[in-house]
Amino acid sequence: MYLSGLVKKEFGRIQSDKRTLILIFVIPIILIVIFGLTSGGGPTAYFNAAIITRDKEPCDCYNSTDGYDDIFIDIVEDECEAWGLFEDFESEDDDDYDKIFDKCVELLRDEIIDVFIILPDDFSETIINDTDTEIIYYIDGSDQQAKDAVEVALQEPIGKFRLEIGKTVNFTTMSPYLEYDVPFWESQVLNYAFALIASMLILGLLMNLTSLSIVSEKPLPRMLLTPTAKDEIILSKLIANTIIMILQVTEIFVMSAIFGLYCLGSLFELYLVLLMTGFCGICMGLFISAISKTEQVANQLYMMFFITVIMFSGAFINIERLPLAMQIIINSLPLSHSIPLIVNITMKGLPIDYAHLASLALISSAFIVMAYITFRFKKVEV
Amino acid sequence: MAKSKTNNNWNSGTFFNRLKYSLWRIVRQVKKEFQLLKIDKMNLVIALLMPPGIIMLFAFMSTSASVTIPVKVSIVSYDSNTFVNQNNYSITTKWDNYTEKYLDAVEESELLELIEFYDASEAEDEYAMETARNEMRDGNIECIIVIPVEFSELLSTGYPGIIELIPDASDAVSIQDKLNAVQDSIKIFVEENDLDPEYILMQHEEFSIPSKYNFRYNYNMTILLPFMTFGISFVLTILVVVQEKPIARLLLTPVQKTEILISKYIVYSIVLALQVFLVLSVAIANGLYIAGNVIDLYLSLYMLGFAGVSLGMFISTVSNTKTEANQLYFAFFILIILLSGMFVPIDAMPDYLQNIAYMLPLSHGAPIIKGILSKGKSFIGFDFFWLLGISTVLIIISFLVMNRKRYEV
């Protein structure tokens, strides 16, 4: 009786704050619409390049010739999917080369180009003579993504160039066929980012909804003069917020489906994972609210938790590479379980991994128990 | 009578006199603000000590994650199967002279770990591809390398030998690692077997982080530093105006609304200076490489934090209740984070969304910090002036709103 009354009271409190409710339901819609309508964003890196050719410079080598550099430049300019040519420069001597080189470094510094390629003075000669050909490139070393991808990406113009000039003897290359990728006709931005964005959004919104629920409730001390117990108060908050969470997760789930969610696995299991993530957010929010003395502290703690949960989600650093202690810390945060669960269900069509789901349940339980204990011993003045 | 005389003294007189009294009032307000801050010690502790704590933990994690873990692969070879020449169907071959050699290259590569080799020409490996795909689906391997039936034939007769690669693309971030690892094995294969002429790629890096610094930590700091600085300064200020109850009574004294707001800006700018100093000190102590000037870095982070303070104060000024301030804060925060380029590259967004993203402060955080950290750029540039512009606009609006706001005593 007490509990149902308290839950009703909680709903009344949440309802009185209509704008929060609207925000909770409107923000996900806006974001899903934005990402759903965003095209592109596949896993392929794209390089904007400049090419310096020294092939026309005199070279001290047998069978002096040139001309292959133009073919290579044309291929980079017109025939490559992962490459675009910003500009090509023809160097005639060392002084000329130094000036062009400095210009290209400036272009690289200003991020106008991602890489510049230098074709040496014996480029054509080595091709004619069937000896090893050197291709020099300068890449922005601070751009990890470009640095990691450039060598493989360069195989595209090299392969096409070799085919074009008919020099395919001993040419070995690879041809990738992606498995479990998002098909190009689906919304790739939404679907590649879905696991991270959906779980972050649900967790963040619900943590925010609940992180002020105890600390900002003024009638709480007076309520404790009635027969209402502290565990009933916290339970009523948990129930009321869980109902709101179910509505919110349902909304995100339906909106994502409308805007092109690509899911190979069970939609029900995906929904279950999203619900579990949301529940985790509620428990973490209640914990923050229980340990905070003022709303300002609760807001600050919320921000710290949110930053920690995102940065230690495993999205930025591969968890497998970490020592055991760090793995334990990361595994005690919800996103390290939600993200793999969502990826496995949506992209691979795998059944739910109960170990991860149980971990989410365990994390939720731990936070709610800690919230209860803290609230139990919290002194409130009437 | 005496009081009205005093009030006359405060509000009349020469411009310099008024300015002097105004400054005096601001100083007193600043003092009051600091006392308010001191009352809520926990708030101050969280604001000053938790961000450096998170950076230390992140530094430890990045440093310990520097070991390269090889990509787990299975190889399915069809090379020993019968190859039928497309130009003359009567010519069939079963050459597989390059299969073993490629296998050796895979085993030699430090970036690959061979889990299983299937020879699909053998009866027991007839369903090798299906087995391998199931293994990949279950996460036991990350990539399947397929040696096609014509691999040895084509290589032996002067045509390109193409190895097929099937990476698990469900984790978009790690696809490149898998491609790189297989490319490494091809490089070893070509070198070991003298498959000349080779195309040798000579890589040179500009603006790279020196080898004695941890690349992963430094790379991630270009994301974490702006995110952290903006976030903590933003959240610290969202309630400072809206939650202060004595403002209404304060306005009965000669204190002006603008003075109240100025004093708050001063106090939180000082707190921000300390926050940025602590965050930066801990980041440097943990091995942050700065190609540029540390003062430039400090000023850019400060500017980013100041944009956070301005946005927080703006929200606090326009809100009528704390709840409203909290709502607005979260709406802004989520939008700013998701459109900052941290999760989805801004270049991948449609034009209209890119325009919105570039208007938001955090989108300018990573470029300005990256420029200073790795390219030695100065803090002065488009990003800095954009942040300054956003802050100025927000401050002006906050003052206008504050002046029009009505308080009931």
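Two strands pair if DSSP finds at least two bridges between them; strands (E, at least two residues) and helices (H or I, at least four residues) are DSSP runs, numbered from the N terminus. The model is predicted, so local features need pLDDT of at least 70 and side-chain atom pairs count only at pLDDT 80 or more, while totals for chains, interfaces and linings use all residues. Residues are numbered from 1 along each chain as its sequence is written, chains are lettered from A in the order in which they are written, and side-chain values use heavy atoms, with hydrogens and water left out.

**Exercise 1.** Determine the strand order of the sheet that holds E5(B), and locate the bridge partner of B:Ser77.

*Solution.*
- Step 1. The order is E5(A)-E6(B)-E5(B)-E1(B)-E4(B), an open sheet of five strands with mixed pairing.
- Step 2. Its edges are E5 of chain A and strand E4 (112-119) of chain B, each of which pairs on one side only.
- Step 3. Neighbouring strands are turned by 25° against each other on average, direction ignored; axes are lines fitted to C-alpha atoms, for helices over the stretch in contact, and angles run from 0 to 180 degrees between N-to-C directions.
- Step 4. Strands E1 (71-77) and E5 (143-147) of chain B run parallel and are joined by five bridges. Within E5(B), B:Ser77 has B:Ile147 as its bridge partner.
- Step 5. The two chains meet in this sheet where E5(A) pairs with strand E6 (161-167) of chain B, in the parallel sense and over five bridges. There, A:Pro176 is matched with B:Leu165.
- Step 6. Helix H4 (99-108) of chain B touches E1, E4, E5 and E6 of chain B, at about 155° to E4(B); contact means heavy atoms within 4.5 Å. Helix H5 (128-137) of chain B lies across E1, E4, E5 and E6 of that chain, at about 160° to E5(B).

**Exercise 2.** Describe the sheet in which E7(B) takes part, and its helices.

*Solution.*
- Step 1. This open sheet has five strands in the order E2(A)-E1(A)-E3(A)-E4(A)-E7(B), and its pairing is mixed.
- Step 2. Strand E2 (83-90) of chain A and strand E7 (199-206) of chain B form the edges, and the twist averages 25° from one strand to the next.
- Step 3. E1 (47-53) and E3 (115-119) of chain A pair in the parallel sense over five bridges, with A:Ile51 opposite A:Ile117.
- Step 4. Helix H3 (68-78) of chain A crosses E1, E2, E3 and E4 of chain A at about 150° to E2(A). H6(A) lies across those four strands together with E7 of chain B, at about 145° to E7(B).

**Exercise 3.** Characterise the interface of chain A and chain B.

*Solution.*
- Step 1. In contact are 103 residues of chain A and 105 residues of chain B.
- Step 2. The chains bury about 10100 Å² between them, 64% of it on carbon and sulfur atoms; buried area is the accessible area (1.4 Å probe) lost on being put together, summed over both parts.
- Step 3. Seven salt bridges link the chains, each a side-chain nitrogen of Lys or Arg within 4 Å of a carboxyl oxygen of Asp or Glu. In one of them, B:Lys375 and A:Glu111 have their closest N and O atoms 2.8 Å apart.

**Exercise 4.** Locate the residues of the cis peptide bond in chain B.

*Solution.*
- Step 1. The bond joins B:Asp196 and B:Pro197, with omega about 0°.
- Step 2. B:Pro197 is in the loop between helix H7 (175-192) and E7 of chain B.

Note on methods
Buried area = accessible area lost by both parts, 1.4 Å probe.
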